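These are my notes from one session with the model. I began with the ligand and then turned to the helices and the backbone.

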Amino acid sequence: MAKQGTLLIVDDNQNILTSLRYLLEEHFAQVLTLSSPTTLPTLIRQEPVDLILLDMNFSSGINNGNEGLYWLREIKRMKPQIQVVLFTAYADINLAVTGLKDGASDFVVKPWENGRLVQTLLEAYRKGNGKDKKKQLAPQMPDEGAMYWGESEAVKPLRMLVDKVSATDANILITGENGTGKDMLAREIHRLSNRRNGPMVTADMGAITESLFESELFGHVKGSFTDAHADRIGRFEAANGGTLFLDEIANLPYHLQAKLLTAIQKRSFVRVGSNRPQSTDIRLICATNRDLDEMVRKGEFREDLLFRINTIHLHIPALRERKEDILPLAGLFLKRYAAKYGRNLQGFDEEARKLLLSCPWYGNIRELQHVIEKAAILSDGDEVKTDALQLAPAHHPEPDRKAQTEEDMQTLDEMERSLIIKAIGKCSGNLSQAAAQLGVTRQTLYNKMKRYGI
Ligand SMILES: Nc1ncnc2c1ncn2[C@@H]1O[C@H](COP(=O)(O)OP(=O)(O)OP(=O)(O)O)[C@@H](O)[C@H]1O
């Protein structure tokens, strides 16, 4: 029989890789090998892999097979059609059984017997080949809460970079307009990192009051101030062994930035009321929608802090810069909310699709998500029409569309939402200008946008 299919072998033992490659090249059209699973996501996106023989233990990770299970789930999440055969030590058979429940086709126990191994792999290949051809053609959408990367050119370099840096401990700065998915990306990086079994702790620097900054981040000891009724650990300590995500980093007042810098540099902190420095093992990810370079120029952000936090800079493009992803994302949200609200919605009619593509989406993916949720609730039949999208006038491309009258407004909230959208539209998305025009601070505008899903 002619050789068919692409097999990928993932094992950190080079001798095993070499001997298996010789053996299996006799049976498969292409045999690829990887000595570490870290680049597995990139490889399976680039190569047409049909089948993976996946080791359960990697010397870099914890030697309990969990790493194998983790990668199995990743493969199944990214490319459910790829068949995975687990390669396991005798002691890990229970884990391999868990792996079967998680979607593995089969498992082979080490030390292996060549004939048996070949037979198991060929059977797994046959099982996958043909059976799931239909599924392969459908776009792969992630589960609720999972990140959808999309296929646009604008996110490709970002994705490559994320694959490369996730496993390292480099400090990462994520930038992007509000609602582009910075928080989601931070979680994705944690999930892809070697710290994934450790905690992921978030501190929203816009929400922590100045007086509680130190206590929230570094903790305090009982009696150190009036409300310190008991010892309390801070985020730096809670994130030990995992990832600390400092969201809205630009909102940290200048005079507190030096304290943060010291803790980041030394990877140690002192609880309020104590004088004992404690060390912590964290991977730091920061995020902001502001231009930190400009803030440095204006003297609002410390240059040394910026230098420290952005070892790797990841910028998420605005949704309007990745138009190819609008309809797939809208489809993903529609599927999610149609199921949630018990609607039989299969898609969008042509006008609705055009409207979705022509919107500037100043609130990015968050705004799209809110619009689709509302549309799912309002729609009858099996297609979403433009009316159900309820996009505010400023979002409509037609210049002569009549402004909404006050009678059309149902609530004060809707009025405020509409005013904000109009102001942002007028200022071409410049939030500082829009805030000035509305007579509120940038932070207030930002909070309101979050609240209204803009
Ligand atoms: N790539 C994505 N795939 C699926 N959902 C996404 C994606 N990116 C963002 N979302 C959804 O959009 C919403 C906003 O995402 P997120 O909070 O991560 O954005 P953000 O950039 O951190 O926002 P902000 O600037 O307001 O802090 C969330 O509900 C999230 O689930």
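**Ligand shell.** I first looked up what surrounds the ligand in this predicted model. I found 15 residues around the ligand, with Tyr148, Asn178, Gly181, Lys182 and Asp183 as the closest. I then asked which elements give two or more residues to this shell. They are α8 (182-192) and α16 (364-378). Sorted by class, the shell holds four nonpolar, seven polar and four charged residues. I noted that domain 2 (155-315) and domain 3 (321-452) both contribute residues to the shell, so the ligand lies between them.

**Asparagine 364.** I next checked the backbone of α16, the helix in which asparagine 364 is found. Asparagine 364 is not a glycine, yet I read a positive phi of about 55 degrees for it. I recorded asparagine 364 as buried, because 25 other C-beta atoms lie within 10 Å and 20 or more suffice.

**Cysteine 359.** I located cysteine 359 in the loop between α15 (350-358) and α16. Is cysteine 359 buried or exposed? It is buried, with 22 other C-beta atoms within 10 Å. I also looked up its separation from arginine 320, 39 residues away along the chain, and found 7.8 Å between the C-alpha atoms.

**Arginine 267.** I noted a second non-glycine residue with positive phi, arginine 267, at about 50 degrees. Arginine 267 sits in the loop that runs between α11 (254-266) and β11 (268-270). I counted arginine 267 as partly exposed, with 13 other C-beta atoms within 10 Å.

**Lysine 110 and proline 111.** I found a cis peptide bond between lysine 110 and proline 111, with omega about -5 degrees. Proline 111 belongs to the loop between β5 and α5.

**Helix α5.** I followed that loop into α5 (residues 114-128), whose 15 residues reach 21 Å from first to last C-alpha, close to the 21 Å expected at 1.5 Å a residue. I listed Leu117, Leu121, Ala124, Tyr125 and Gly128 as buried in α5. Viewed down the helix axis, these buried residues fall within an arc of 100 degrees, so they line one face of α5. An α-helix has 3.6 residues a turn, so residues three or four places apart point the same way. On the other side of α5 I found Gly115 and Arg116 exposed. I traced the packing of the buried residues of α5 to β1 (4-10), β3 (51-55), β4 (83-89) and β5 (106-110).

**Whole protein.** I closed with the totals: 20 helices and 16 strands, and 36% of the 454 residues counted as buried.

Definitions and conventions
Residues are numbered from 1 along each chain as its sequence is written. This is a predicted model: local features need pLDDT of at least 70, side-chain atom pairs count only at pLDDT 80 or more; totals for chains, interfaces and linings use all residues. Helices (H or I, at least four residues) and strands (E, at least two) are DSSP runs, numbered from the N terminus. A residue is buried if 20 or more other C-beta atoms lie within 10 Å of its own, exposed if 12 or fewer, and partly exposed in between; C-beta atoms are placed from the backbone. The expected span of a helix is 1.5 Å times one less than its number of residues. The arc is that of the directions from the helix axis to the C-beta atoms. Two residues are in contact if their C-beta atoms, placed from the backbone, lie within 7 Å. A residue is near a molecule or strand if its C-beta atom, placed from the backbone, lies within 6 Å of it. Ala, Val, Leu, Ile, Met, Phe, Trp, Tyr, Cys and Pro count as nonpolar, Asp, Glu, Lys and Arg as charged, and the others, Gly among them, as polar. Domain bounds come from an automatic or database domain assignment.
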